[in-house]
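Here are a few short exercises to try with the structure open beside you. Have a go at each task before you read the solution.

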Amino acid sequence: MFEDLFQYKRVNLEKLEPFGFIKNEDIYRYEIDILDCEFHLVVTIDTNLKLDTTLIEKTTQEEYILYKTHASGEYVGKIRDAVKSVLQDILDQCYYQSLFMSEQAQNIIEYVRKTYGDELEFLWDKYPRNAIFRHQENKKWYGAMLSVSKRKLGISSDEIVEILDLRNSFEKVEKIVDHKKYYPGWHMNKKYWYTIILDGSISLKDIYKCIDESYQMTK
C-alpha cells in the first residue's frame, strides 16, 4: 500500500541507526508501538534495500495484515494512516530523492562527482528523469542519463531502462555500436554519440573509461 511513498527514493544507510534502526546481519530493524500501544510495528530494510512492515496486534500477538490490502473502513483506515505516518518520518529523515535508481546509475553519478566535480543537470521539466553531464567551463555536454523504453533503442520490449549517452570519434562509434551492448546515440547525433543500457551488461570499469573518453573529446 505504500510503494508510491518510496518511488524514486533511495535510503541513506548511514542515517538508519541514528534514527533508531538496529542492524543485525545486514538487516536493519526498527520497532515502535502505534495507536496508543494497540499495535507493535516492525519496519525492516533488507540487503536489497527493500523496506517491509509487520504489524502485530498486542492483545492477540497475531499479525494484522488488512492495512496492506485494499480493505476499506474507518478502523483499517486509521491503522493505515498510523503506519503511513511512521513510514513518512523514516522517509523524511533517512531517504533522499534519486530519479535514477539502478546501481550502475548511482555509481556513475558518484564517479563523475568525484572525478570531475560535475552533477547531473535536469534541464527539462517535461522529462524529469532525463539529465545531462557537462563541462562547467565550456558548457559542452559529455554525457546524458535518460530513462527510455527499450523499444526506442530498437529492442522488442516496452521495459523502461536507464541509459547513458556518451560521445566519441566517428571511427570509435562506428566500431563499437553492435546493437547488443552499445547502441546508436538516443536523441543524439549518431555519428558521434552512442548509448549504453545501465543493466550490468557492461562493467563499471569499462563505462568509466567511456566517460573519461567522452569528457576528453568535449574538453
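**Exercise 1. Work out the order of the strands in the five-stranded open sheet, and name its edges.**

Solution. In this predicted model, walk across the sheet and you meet E8, E9, E10, E12 and E11, in that order, with antiparallel pairing. Now look for strands that pair on one side only: these are E8 and E11 (182-184), the edge strands. Ignoring direction, neighbouring strands are turned by 30° against each other on average.

Next, zoom in on one pair. E9 (residues 141-149) and E10 (residues 160-167) run antiparallel and are joined by seven bridges. As an example, Leu146 has Ile163 in E10 as its bridge partner.

**Exercise 2. Check whether the length of helix H3 agrees or disagrees with the expected span.**

Solution. Start with the count: H3 covers residues 103-116, which is 14 residues. The expected span is 1.5 Å times one less than that number, giving 20 Å. The end C-alpha atoms are 20 Å apart, so the two values agree.

Then see which side chains are tucked away. Buried residues of H3 are Gln104, Ala105, Gln106, Ile108, Ile109, Tyr111 and Val112. Right after the helix comes Gly117, with a positive phi near 70°.

**Exercise 3. Decide whether the partners in the salt bridges Lys58–Asp33 and Arg129–Glu162 are buried or partly exposed.**

Solution. Take Lys58 and Asp33 first: their side chains meet at 3.1 Å, N to O. Lys58 sits in the loop between E5 (51-57) and E6 (62-63) and Asp33 in E3 (residues 27-34), so the pair ties together parts 25 residues apart in sequence. Partly exposed means a relative accessible area between 20% and 50%. Lys58, at 32%, fits that range, and Asp33, at 33%, does too.

Now turn to Arg129 and Glu162, which also meet at 3.1 Å, N to O. Arg129 is in the loop between H3 and E8, while Glu162 is in E10, 33 residues apart. Both of these residues are buried.

**Exercise 4. Find the residues that make up the nonpolar surface patch that includes Tyr127.**

Solution. Begin at Tyr127, in the loop between H3 and E8 (131-134). Patch members need over 30% relative accessible area; Tyr127 has 45%, so it counts as partly exposed and passes that cut-off. Its patch partners are Leu123 and Trp124, and the three together have about 280 Å² of accessible area.

Note on methods:
Residues numbered from 1 in each chain as written. Predicted model: local features only at pLDDT ≥ 70, side-chain atom pairs only at ≥ 80, totals over all residues. Heavy atoms only, no water. Helix = DSSP H or I, 4+ residues; strand = E, 2+ residues; numbered from the N terminus. Buried < 20%, exposed > 50% of the residue type's maximum accessible area, 1.4 Å probe, protein only. Patch = residues over 30% accessible without salt bridge, like charges linked within 9 Å, V, L, I, M, F, W, Y side chains within 5 Å. Areas by Shrake-Rupley, 256 points an atom, 1.4 Å probe, with all protein chains shown as cover. Salt bridge = Lys/Arg side-chain N within 4 Å of Asp/Glu carboxyl O. Pairing = 2+ DSSP bridges. Axes fitted to C-alpha atoms, helices over the stretch in contact; angles between N-to-C directions.
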